[in-house]
Amino acid sequence: MKLTEGFNLLATAPDGIKRLRELILSLAVQGKLVPQDPNDEPASELLKQIRAEKERLIAEGKIKKDKPLPAIGDDEKPFALPVGWEWVKFGDVAHISSGVTLGRKTAMTDPVLLPYLRVANVQRWKLVLDEVKEIVVDKSELDRFSLKKGDLLITEGGDWDKVGRTCVWGGELPICLHQNHVFKVRAIFSDWNFHWAELFLNSNDARAYFASSAKQTTNLASINMTQLKNCLFPIPPLAEQSRIVTKVEELMALCDALEMRGQLQAEQHARLTATLFDALVASESAHQLQENWARLAASFDLVLDRPQAVDALEQTILQLAVRGLLVPQDPADEPASELLKQIRAEKDRLIAEGKIKKDKPLPAISDEEKPFDLPEGWEWVRCADYFDELCTGPFGSVLHKEDYINDGVPLINPSHMVDGKIIPDYSITLTVEFAEKLKVYRLSAGDVVLARRGEVGRYALVTNTEDGWLCGTGSFFVKLNGKISREYIGLIFQEQSFRRYLQGESVGTTMTNLNQKILLEAVLGIPPLAEQSRIVARVEALRALCGQLRQRLAASRDTQGQLASALLAQG
């Protein structure tokens with residue numbers, strides 16, 4: 001099978017378009033993308049002309065004579081070249097120069113303010129000129145730092161993706177300079193194909209060289225001019241360079257079209273699933289829900305064909321659950337109003353015994369605060385009236401990083417709350433003695449911990465395993481009446497509309513912060529206790545089915561990826 005014949009399969013495989021682009025470049029720079037023509041003048045003749053032109057420019061004083069670069073050893077060559085190609089050092093076939101340094105102190109007789117390119121302006125294959133800054137240079141320096149159409153721009157570094165990024169200057173501005181962190185590469189010979197050089201320098205082969213030779217510090221890397229000059233550069237015959245560049249442009253355009261088609265399909269699919277799932281949530285009765293569900297079930301194979309759709313279905317299940325549409329109501333259930341009376345009586349007892357503080361009365365819940373109609377037997381209640389107590393974890397002034405030890409009493413921060421469970425970090429713990437000083441923040445089995453900053457609404461249930469651990473900085477913990485279903489509370493915290501309410505009401509610019517007032521005033525739709533148990537059981541069963549569906553999709557994607565890899569191996 002030819003590469004182009006398998007494009008549709010490859011494009012839909014995991015990371016398919018990215019892998020296609022990499023394959024195209026790899027085949028191109030190794031001479032496997034287009035056939036060689038024995039009538040082409042070999043690259044050795046082109047190199048003779050480049051050397052002759054370079055010697056002429058040196059003799060005329062137009063460029064400086066460089067020190068000879070080391071010869072290329074056979075063990076340095078990353079792959080074998082086709083007949084007619086040649087390996088060279090990049091510095092032997094192009095003139096490489098650095099740009100203007102910012103903040104330098106130089107005497108100027110004729111200063112001029114001009115635009116210059118930074119690393120941020122130079123991306124792979126393209127320039128980003130939304131924000132071009134200016135610098136003052138002397139007019140005598142223009143020849144040295146100015147760009148000409150056809151110059152290559154190569155980034156020195158920064159983070160890993162910035163090392164060796166290459167694009168072509170197309171004369172987008174009448175006059176433009178380049179910063180010293182952006183190398184300028186100019187042709188020595190007039191027949192230089194700058195697009196071939198751009199193609200190779202953006203390939204994985206060149207990137208592997210830059211990665212291996214770059215100066216590295218924490219999360220940063222950079223190359224210098226010597227390393228760039230010593231980069232091994234394959235030279236095909238000039239006519240073949242043009243054929244390769246044309247073919248790459250053709251195939252990359254096809255990749256662009258496939259990528260756009262995939263994006264459009266994804267957007268259309270997202271709209272379809274949103275419409276169908278919204279119809280489920282908007283059902284006003286069990287009968288209407290059944291009709292809408294039947295309509296969705298008829299298209300399951302089309303709708304639930306990707307992980308994002310399964311995620312949307314799972315969120316729809318939660319929305320149906322907290323609206324009383326997932327399981328039928330039982331008139332024999334004790335209504336939620338009785339549960340709320342028992343919670344109130346227990347709170348009053350704890351207040352009278354001095355075990356919790358007296359809560360401030362809150363205004364009645366208005367109709368505008370009720371986001372949907374509740375089934376018979378359900379009640380609206382504020383969190384303040386449903387919780388026994390809401391407590392805030394210690395602030396930074398109480399707890400410091402140097403207080404942490406290994407394998408002590410764990411602290412539970414928002415990052416430790418994962419999918420409703422506590423996943424501790426045993427390097428963030430305290431001594432027993434220090435933990436005793438913070439006993440007011442001690443957790444008990446049955447409590448619920450909540451994130452109060454960052455990902456607001458993140459929660460976890462405290463089990464017997466975590467009993468006696470501590471609520472950490474950035475967290476709340478909730479004390480609940482023993483009769484309340486913790487699992488049902490967890491469903492509410494996971495449901496998107498409740499999370500959106502908390503996030504929308506939260507404060508903070510750099511990081512969202514939830515305060516007690518916002519959470520305590522939030523309204524909850526509470527079902528009868530028996531129905532809470534039925535809802536939790538139903539959600540768990542449906543989530544298990546969603547998990548099985550994800551596994552099947554993952555297996556299908558793996559198979560598709562293996563087929564794509566086999567096709568890529570054929571080239």
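This note walks through selected features of a predicted model, from its helices and cores to its charged pairs and loops.

1. Helix α12 is a useful place to begin. The helix runs over residues 307-322, and at 1.5 Å a residue its 16 residues should span 22 Å, which agrees with the 23 Å between its end C-alpha atoms. Most of α12 is covered, since twelve of its 16 residues are buried. Among the buried residues are Ala309, Val310, Leu313 and Glu314, and the run from Gln315 through Thr316, Ile317, Leu318, Gln319, Leu320 and Ala321 to Val322 is buried as well. After the helix comes glycine 324, which has a positive phi near 80°.

2. The nonpolar interior can be described through two cores. The largest nonpolar core holds 57 residues, and Tyr386, Phe387, Leu519 and Leu524 are the residues with the most contacts inside it. Helix α12 supplies the largest share of this core, namely eight residues. A second core, separate from this one, has 55 residues, including Ala28, Ile50, Val163 and Val245. As a general background, nonpolar side chains in soluble globular proteins tend to be buried together.

3. Phenylalanine 387 deserves a closer look, as one of the residues with the most contacts inside the largest core. When residues up to four places away in sequence are set aside, phenylalanine 387 touches Lys347, Val478, Lys479, Leu480, Phe493, Leu519 and Leu520. One of these, Phe493, is among the buried residues of helix α16.

4. Helix α16 itself, residues 486-494, is largely enclosed by the rest of the structure, because eight of its nine residues are buried. The buried residues are Arg486, Tyr488, Ile489, Gly490, Leu491, Ile492, Phe493 and Gln494, a list that a reader can follow along the helix in the structure.

5. Turning to charged pairs, a search of the whole structure finds 30 salt bridges, and two of them can be described within helices. In helix α3 (residues 43-59), glutamate 53 and arginine 56 lie three residues apart, about one turn of the helix, and their side chains meet in a salt bridge with an N to O distance of 2.5 Å. Arginine 56 counts as partly exposed, at 36% relative accessibility. In helix α18 (residues 516-521), lysine 517 and glutamate 521 are four residues apart and so are separated by about one helical turn, with a salt bridge of 3.1 Å, N to O, between their side chains. Lysine 517 counts as exposed at 55% relative accessibility, whereas glutamate 521, at 26%, counts as partly exposed. Salt bridges that share partners also join Asp311, Glu314, Arg543 and Arg550 into one network.

6. Another salt bridge joins lysine 479 to aspartate 447, with the closest N and O atoms 2.7 Å apart. This pair links distant parts of the chain, 32 residues apart: lysine 479 is in strand β22 (residues 475-479), while aspartate 447 is in the loop between α15 (432-437) and β19 (448-451). Aspartate 447 counts as buried, with a relative accessibility of 4%.

7. Glutamate 198, in helix α6 (residues 194-201), offers a contrasting case. The residue is buried yet has no salt bridge, and the nearest side chain of opposite charge, that of arginine 124, is 9.6 Å away. Apart from neighbours within four places in sequence, glutamate 198 is in contact with Trp125, Leu152, Thr166, Cys167 and Val168.

8. One open sheet has three strands in the order β4-β3-β8, with mixed pairing. Its edge strands, β4 (133-138) and β8 (177-178), each pair on one side only. Strand β3 (residues 111-117) pairs with β4 in the antiparallel sense over six bridges, and leucine 113 has valine 136, in β4, as its bridge partner.

9. Two aspartates in loops should be checked for their backbone angles. Aspartate 407, in the loop between β14 (389-392) and β15 (409-412), has a phi near 60°, a positive value in a residue other than glycine, and is exposed with a relative accessible area of 62%. Aspartate 419, in the loop between β16 (417-418) and β17 (421-422), likewise has a positive phi, near 50°, and counts as exposed at 76% relative accessibility.

Definitions and conventions. Residues are numbered from 1 along each chain as its sequence is written. This is a predicted model: local features need pLDDT of at least 70, side-chain atom pairs count only at pLDDT 80 or more; totals for chains, interfaces and linings use all residues. Side-chain values use heavy atoms; hydrogens and water are left out. A salt bridge is a side-chain nitrogen of Lys or Arg within 4 Å of a carboxyl oxygen of Asp or Glu. Buried means under 20% relative accessible area, exposed over 50%, partly exposed in between (1.4 Å probe, protein chains only). The expected span of a helix is 1.5 Å times one less than its number of residues. A nonpolar core is a set of buried Ala, Val, Leu, Ile, Met, Phe, Trp, Tyr and Cys residues joined through side-chain atoms within 4.5 Å. Contact means heavy atoms within 4.5 Å. Two strands pair if DSSP finds at least two bridges between them. Lys and Arg count as positive and Asp and Glu as negative; His and the chain ends are not counted.
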